[in-house]
Structures are given as structure tokens and as C-alpha cells.
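Let's take a walk through this one together, a few spots at a time. Keep the viewer open and follow along.

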Amino acid sequence: MEADGFGHQSFPELKNDTFLRAAWGEETDYTPVWCMRQAGRYLPEFRETRAAQDFFSTCRSPEACCELTLQPLRRFPLDAAIIFSDILVVPQALGLEVTMVPGKGPSFPEPLREERDLERLRDPAVVASELGYVFQAITLTRQRLAGRVPLIGFAGAPWTLMTYMVEGGSSSTMAQAKRWLYQRPQASHQLLHILTDALVPYLVGQVAAGAQALQLFESHAGHLGPQLFNKFALPYICDVAKRVKAGLREAGLAQVPMIIFAKDGHFALEELAQAGYEVVGIDWTVTPKKARRRLGDWCSRCWMTLGHNATLPT
């Protein structure tokens, strides 16, 4: 058994560390493979498990999250598992109501519309304690993986979380969120700081619970041009990495590789490669070869994951 997590906890010895070695930029015998949405609707057993309760009730059930995380590994020879959860558990923990509407997606009945709405948010310091069910799911899954493959934890990046909280759900234009950036830049930075303050202990807590790698999803990077991205997204992406690594050191926890995935953020590959992450994810619009050519010495190796995503160790 290897000591990990909360210090008093031990987990089965890892048998396949190919994914982790690749993420650290080390040579591997083969290209590791995993899916960002491994637990998904393509599996009939997933649909059967999910039909038993609503989406966020499932997220709050460590047993259900563990089962959904393990299902793909029973079918496919994947090199990593990614915990079943959702990026919007963070806004929930901050006090906003979020529901999953069938056929529509996530919905915020009372989104943030005015600057004064920020007063409705809870202190970000309480977020990690509010999300204990995620930590329980990670610990349970890590135990039941029995060392087969590493377990990845994740969270949404501040700008992406802000878009949902302001838009009230999914949007093709992000008009409301971008209006905040132009008309309420100070309030926008305040909200992004709140989200960063919430994400750091949440991600450190995931490692304490047993996560062996972390991924930050900037899913809505493509809605920003380079100027807005560099002002309202990139600084917080960098801050999350810097503070999580410092938080792991302070907690006496081993460092884990961190992955940044900015969807449609091809215009910022060079900046992302210097943002403090071990791996830069690229989407289907960018070829790994061209991305490596642009990043030069910042990247040592690259591999392609299943689905529309590739990752470049920095």
C-alpha cells in the first residue's frame, strides 16, 4: 500500500503509471489513452445508472460517482480514470441554485445580473467543506481502482464558471457574460477572484482525497479574443496553478501533474504553455504536430486522447 491523501490514508500500489509519466514529460513505452468524458451516455450502463436519480443527486452520491467512474474501465483498456462530477458543483457550493434540465442542460434560476448580486455568494472559504461529497467519491474510487490506473480530478476555470453564473446556463454567444467584462470590469475581476479563491482549496482537497492528477477546464476560452482572454482568463488560470502547487506543499502533499484545457484557445497556446501546468490540452481544431512546433522547447512529448482532445506535456 502507498501512503497518500490525508496522510493517515493508504491506497493500493499503482500498477500502470504510464499516464502520469507522460504527464511529467517522461518517456513511455506507448501512448497513454483516456477520454475527457469517459463516463458518458455512450455506455448503456451509464444511462441505466443515471436514470435512477437526477444529475446533481448523482454527483452528491459517492457510490454513484465511483460506479460511473469505473464503468468505462470495465470495457476499455484506458490508462487513467477521471472522477465523475461536474464543474458546476462549485457555483452550487457558493450558494447558487443549479438544476439540470432534460434536453436543455444546466439552468440557474437566479443568475448573477447586477454587481450587487455578488453579495449573494457564500464565502469561498466554505466551498471545500461544502464539496466533501466529491472528496469522498475520489477516495472511494481510488480504493476500488486497486491501483489499476491513476485517478484524475478536475474543476472548471474561473472564466468558464463565471459564464454559467451570469448567463444562467449554456449560451452560444456569452453576451451577458461578455457584457460584464466590458461594462463591469471591476465586478468581473471580483467574481473571478472569488472563484479562484474557491477553486484552490477544492483542487488541493481533491489531491488530499486521492486524485493523482488535476485538470482545469476553460471550456469557454473560444468566446474570448486574445485581449479579453489575457485580461480576464489567463491571469486566473495562472493563479490557480501557482496557488494549488503552493497549497500542496503547505499541506505536505506530493505534487501532481496539472492539465490546462482551454477549448478553442489555440490563439493562446504559447501563453498556456507558460501558465504553470505540466500539460496543455488541445482540441480537435489543432494538430499536435503544429502545436508542438509552435511551443518548441516548452513541450517534450505529446499524445492524443480519445475524443476531440489532445494533450501536450509542457
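Start with β6 and strand β7 (residues 213–218), which pair in the parallel sense over five bridges. If you want one spot to click on, try G156, which stands opposite F217 in β7. Keep in mind as you look around that this is a predicted model.

β6 has another partner too: strand β3 (residues 81–82) runs parallel to β6, joined by two bridges. Here the pair to look up is A81 and its bridge partner in β6, L151.

So is β6 buried or exposed? Six of the six residues of β6 are buried, so the strand is largely enclosed by the rest of the structure. You can check that face by face: on one side sit L151, G153 and A155, on the other I152, F154 and G156, and all are buried.

Now step back along the chain to the loop between α7 (132–145) and β6 (151–156), where you'll find A146. What is the phi of A146? The angle is positive, about 55°, even though A146 is not a glycine. That's worth a second look because most residues other than glycine have a negative phi. As for its surroundings, A146 has 35% relative accessibility, so it counts as partly exposed.

D264 makes a good companion to look at next. This residue is found in the loop between β8 and α13 (269–273), and D264 has a positive phi of about 60° although it isn't a glycine. With a relative accessibility of 27%, D264 counts as partly exposed.

Since we've reached β8, look at what that strand pairs with. Strand β8 (residues 258–262) and β9 run parallel, with three bridges joining them. One place to see this is I260, whose bridge partner in β9 is V280. Strand β9 (residues 279–283) is mostly covered, with five of its five residues buried. Both of its faces are covered: V279, G281 and D283 are buried on one side, and V280 and I282 are buried on the other.

Next, a pair of helices. The axes of helix α8 (residues 158–167) and helix α9 (residues 175–183) come within 8 Å and cross at roughly 110°. That makes α8 roughly perpendicular to α9, because crossing angles from 65 to 115 degrees are put in that class. Which residues meet there? From α8 come W159, M162, T163, V166 and E167, and they meet A175, Q176, A177, K178, W180 and L181 in α9. Sorted by class, this contact of α8 with α9 has seven nonpolar, two polar and two charged residues.

Last stop: D117, in the loop between β5 (105–107) and α6 (127–130). Is D117 buried or exposed? D117 has a relative accessible area of 13%, so it counts as buried, the cut-off being under 20%. What does the side chain of D117 have for polar company? One of its polar atoms lies 2.9 Å from the backbone nitrogen of E114. Leaving aside residues up to four places away in sequence, D117 touches P111 and L112. Put those together and you have an acidic side chain to zoom in on: D117 is buried, with the backbone nitrogen of E114 2.9 Å from a polar atom of its side chain.

Notes. Residues are numbered from 1 along each chain as its sequence is written. This is a predicted model: local features need pLDDT of at least 70, side-chain atom pairs count only at pLDDT 80 or more; totals for chains, interfaces and linings use all residues. Side-chain values use heavy atoms; hydrogens and water are left out. Axes are lines fitted to C-alpha atoms, for helices over the stretch in contact, and angles run from 0 to 180 degrees between N-to-C directions. Helices (H or I, at least four residues) and strands (E, at least two) are DSSP runs, numbered from the N terminus. Angles under 35 degrees count as roughly parallel, over 145 as roughly antiparallel, 65 to 115 as roughly perpendicular and the rest as oblique. Contact means heavy atoms within 4.5 Å. Ala, Val, Leu, Ile, Met, Phe, Trp, Tyr, Cys and Pro count as nonpolar, Asp, Glu, Lys and Arg as charged, and the others, Gly among them, as polar. Buried means under 20% relative accessible area, exposed over 50%, partly exposed in between (1.4 Å probe, protein chains only). A polar contact is a pair of N or O atoms within 3.5 Å; within protein, one must be able to donate a hydrogen and the other to accept it, and residues adjacent in sequence count only if both atoms are side-chain atoms. Two strands pair if DSSP finds at least two bridges between them.
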